[in-house]
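Welcome! Here is a short tour of a protein model, written for a first look. Take a moment with the picture, then read on.

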Amino acid sequence: MTVAALRHVEVDYARGRALGPVDLSVGAGEIVALVGPSGCGKSTALRLLAALEAPTRGEVVRTPGRGETAVVFQAPTLAPWLSARANAALPLELAGVPAADARRRADQALARVGLAGAETARPAQLSGGMAMRVSLARALVTNPKLLLLDEPFAALDEITRRALADDVLTLWAATKPAIVFVTHNVEEAVYMAGRVVVMSRGPGRIAGVFPVEGPLPRPPGFRTDARFRRTVEEVSAALAEGIAA
Amino acid sequence: MRRLADIAAPLALTLLLLAGWEIACRALAVPVYFLPPPSAVAVALAQNLPVLGDAAWRTLSVALIALVVASLIAQALAILTALSPLLDRAIRPLASVVQVTPVVALAPLVLIWAGLDHPERALVALAVVVAFFPIFSGATAGLRAADPDLERLFELYGASRWQRVARLRLPSAIPFLLEGHKVGAGLSLIGAVVAEFGAGSGGVRGLAWQILDAGNKLQTARMIAALVVLGAMGVALNAVLEAAQRAGLRWWRGR
């Protein structure tokens, strides 16, 4: 079942064609990674899927209703004046969920991302990785059917990055939302996704699609698995070709 | 050590300047009505302290009332500009007119409107005019300073226009509002003094009136004493607002 799809979508900006034509379909419970050089329109594709932007031509199909789509940005994007709990509860609060209920569900979401005990902390008191976890809790609090991640770990160190990648996969396994995430880290894309979509720029198009074999979440040692290494190399090659073209 | 120097250095310079002033007045036999020595100013200050204190309180209360009124009007208008682009276009140019009009030029008109029996109302209104703009401009800038990704998030979750203003833009504007109020408070004090000058002898008997009255009577030492009180009041007000701004920012950021 398709959760969201771009059907022959094109996006024009004042300076010319930014994206397309692009066809991309995301099935229920699927994890899709978009990789590509900067300016290839991968963030635009994500905003189209979130309905934060409209295509110039073509059609965006979305089955999740309002509140069933969540976005995590590159920066944690937390309100500095709100506690971790209030930040995580924000989507519920905007939807008019009673305060006590919103608070309880926010605390649960924070516990799921490993932040039990940090409910009253302000973003300024949290590390970059912890702030990103609050951002993730905020996205998960509505139990979204479609989770969109825009280079979510780009600002974090390698160890935190890898830990969060595993955590996202564990969280995904619990409720199986469809996930589309943008990254320019090929290993991260192959590690986290069931399908890697390579994009090229000028204007942004899909240059190749690579299914990734292996179970999700990944078993320990998956990064050294031969299948993993092979896919990483294939994707890297396609990426290099797309940039050269 | 650093802090000690911060206090000691300006204090030493002030004492040095005062000493130079005292010595020059005595050595050159400067007439007291032209430039009284600091000792004479100190005496005038001590003699007139109750009167000057009373006058300072009148001026300060005008400034503080004006600050509150200006704050309410400026923030209400800024919220209207944030809610509607049309109102934004309508209000902004008029706000700029208020900013560029010199308050002394408005004083005679406002005094007529307030009526001779209520000069204090005119003074408050004039100080409001001066204090309004920095708060309004801080508020409008702050209401536009919200994180664009947070704006997208509010859009994603279908926030209403009012929710965006109340839950995102207003809290995002708080650092700007604190700065605007600090500047506005300083200006409202200046506005109150200038308005008193504009009102002349019919006005509230505040510090500006004390200065005018002492000047008319050639009591130069009393004039300078009133200036000293005005300066001290300004410094104190500024210190209180700086502290309030710091505390406000700490609360906003959570550390």
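A helix is here a DSSP run of H or I at least four residues long, and helices are numbered from the N terminus. With that in hand, B:A95 can be placed in helix 4 (residues 85-100) of chain B. Keep in mind that this is a predicted model.

**Chain A as a whole**
- Chain A contains seven helices and nine strands.
- The radius of gyration of chain A is 18 Å, close to the 18 Å from the globule rule for 245 residues, so chain A is as compact as a globular protein of that length.
- Measured out along its principal axes, the C-alpha trace of chain A spans about 55 × 45 × 35 Å.
- Of the 245 residues in chain A, 46% are buried.
- Among the contacts in chain A with a separation of 6 or more, 71% join residues 24 or more positions apart.

**Two domains in chain A**
- The domain assignment splits chain A into domain 1 (2-64 + 145-244) and domain 2 (79-144).
- The centres of these two domains of chain A, taken over C-alpha atoms, are 25 Å apart.
- Where they touch, domain 1 of chain A contributes 14 residues and domain 2 of chain A contributes ten residues.
- On the domain 1 side of this contact, strand 6 (146-150) and helix 5 (158-175) of chain A each supply at least two residues.
- Helix 5 of chain A gives the most to that side, with five residues.
- By type, the residues on the domain 1 side are ten nonpolar, two polar and two charged.

**Helix 2 of chain A**
- Helix 2 (residues 84-94) of chain A is mostly covered, with ten of its eleven residues buried.
- Among the buried ones are A:A84, A:R85, A:L90 and A:L94.
- What do the buried residues of helix 2 of chain A pack against? Their partners are helix 3 (99-112) and helix 4 (128-140) of chain A, together with helix 7 (148-156) and helix 8 (161-199) of chain B.
- After helix 2 of chain A comes A:G96, which has a positive phi, near 85°.

**A closer look at B:A95**
- Why does B:A95 count as partly exposed? It has 17 C-beta neighbours inside 10 Å, and a residue needs 20 or more to be buried, while 12 or fewer would make it exposed.
- Leaving aside neighbours within four places in sequence, B:A95 is in contact with B:F133 and B:F136.
- B:A95 and B:A74 are 21 residues apart along the chain, and their C-alpha atoms are separated by 9.2 Å.

Technical notes: Residues are numbered from 1 along each chain as its sequence is written. Chains are lettered from A and ligands numbered from 1 in the order in which they are written. This is a predicted model: local features need pLDDT of at least 70, side-chain atom pairs count only at pLDDT 80 or more; totals for chains, interfaces and linings use all residues. Two residues are in contact if their C-beta atoms, placed from the backbone, lie within 7 Å. Domain bounds come from an automatic or database domain assignment. Ala, Val, Leu, Ile, Met, Phe, Trp, Tyr, Cys and Pro count as nonpolar, Asp, Glu, Lys and Arg as charged, and the others, Gly among them, as polar. The radius of gyration is taken over C-alpha atoms; the globule rule is 2.2 Å times the number of residues to the power 0.38.
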